[in-house]
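Here are a few notes to go with the structure, meant for reading side by side with it. I hope they help you find your way around.

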Amino acid sequence: MQWSLISPDSLPGAQHALLQSYGLAVRLADRWIAVPGPTGQQEDAGSSCPEIPTLELMLPDLEEKQTWSFLLRFLKKNLPALARFNLEYNFAPDALLEALGWKAHYRSREEWKQWADLDELSEELYLSHEFPLNVLRLWNRLQTEERTAWYELWEARSFKKNLIREIILYFHDLDSNRRQDCLSEAIQFSENWKARSGSFPAESVRDLVYGYRYPEIHSMQEEVFRLQKSLPSDRRFKVLIPEHLEAGSLDIQLKVGSVDDLDELLAILQDSGARQRIQEILSLVQ
């Protein structure tokens, strides 16, 4: 292991480096492991840094935990790329896994191989949202065209991570025809929203995919929401519907500021129409 300084315009073969670093170049003999900026490029390094610190390693160095503990301070956290690098250079992964904070054993080594199997689109999703392997594996199995369309929709509408995760889990379980119909409807929903004001309702797209995955429950949800809307309109009174109707009970929220409020709200609960609607909702969530 030794250090040197090189000019940023003298990185022969750097475009083949598998890893991206922050201000540090790393190589094995005449092969580059990592270079600064996007892999194979330097972010105007010549204008701000006349020379790049370069660490040259020997292959046995890659099996030392202290090597990776140091390098991971400067390398972009990209587990798929690290796993592919490990597979390509065929060195024992234990030191790298331990430097990442994992315990090196049979199960983690097998999981590490699965990280290496993720394709470019799955790697892109990992880098943007850091999903765990179990979600990325499902995403990796989908068609390229499907994933490209979903990713473009999520980026254009700024979907939150939890919604993307749920969409992947529901969408993966659909057959190919239903996936095509579901994706087309989601894209159409987004396009139809362009003329409207206000924030894009990303939750509605998640609910749409959920409806394709669980049509019976989705139908029940629509009936519950209809019944909920038919309850007395009073800002002091709310019937909270459990997500996906799985709770088996209802939460009724009363906002009381005086004895008169309490009397009026109790009267609402005693009203035969309201009691009937609540009973019907309760029968659907149990």
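1. A word on terms before we start: helices and strands here are DSSP runs, with at least four residues for a helix and at least two for a strand, numbered from the N terminus. Please also keep in mind that this is a predicted model.

2. Let's begin with serine 190, which sits in helix α10, spanning residues 176–192. Is serine 190 buried or exposed? Its relative accessible area is 8%, and buried means under 20%, so serine 190 counts as buried. Leaving aside residues up to four places away in sequence, serine 190 touches Leu153, Arg157 and Phe200.

3. Next, have a look at the surface. Ile252, Leu254, Val256, Leu262 and Leu266 make a nonpolar patch of about 370 Å². Strand β7 (251–254) and helix α13 (259–270) each supply at least two residues of this patch. One of the patch residues, leucine 262, belongs to helix α13 and is partly exposed, at 35% relative accessible area.

4. Now to the charged pairs. Side chains of opposite charge can pair when their charged atoms come close. How many salt bridges does a search of the whole structure find? The count is twelve, and three of these pairs are worth a visit with your viewer.

5. Arginine 27 pairs with glutamate 56, with 3.5 Å between the closest N and O atoms. This salt bridge links distant parts of the chain: arginine 27 is in strand β3 (residues 25–28) and glutamate 56 in strand β5 (residues 52–57), 29 residues apart. Arginine 27 is partly exposed, with a relative accessible area of 21%, and glutamate 56 is partly exposed at 21% as well.

6. Aspartate 94 and arginine 109 form a salt bridge of 2.9 Å, N to O. Because aspartate 94 lies in helix α4 (residues 94–99) and arginine 109 in helix α5 (residues 106–117), the pair ties together parts 15 residues apart in sequence. Aspartate 94 is partly exposed at 25% relative accessible area, and arginine 109 is partly exposed at 30%.

7. Finally, glutamate 166 bridges to arginine 206, the closest N and O atoms being 3.1 Å apart. Glutamate 166 is in helix α9 (residues 161–172) and arginine 206 in helix α11 (residues 202–213), so the pair ties together parts that are 40 residues apart in sequence. Glutamate 166 is buried, at 14% relative accessibility, and arginine 206 is buried too, at 10%. Asp207 joins Glu166 and Arg206 in a network of salt bridges.

Conventions: Residues numbered from 1 in each chain as written. Predicted model: local features only at pLDDT ≥ 70, side-chain atom pairs only at ≥ 80, totals over all residues. Heavy atoms only, no water. Buried < 20%, exposed > 50% of the residue type's maximum accessible area, 1.4 Å probe, protein only. Contact = heavy atoms within 4.5 Å. Patch = residues over 30% accessible without salt bridge, like charges linked within 9 Å, V, L, I, M, F, W, Y side chains within 5 Å. Areas by Shrake-Rupley, 256 points an atom, 1.4 Å probe, with all protein chains shown as cover. Salt bridge = Lys/Arg side-chain N within 4 Å of Asp/Glu carboxyl O.
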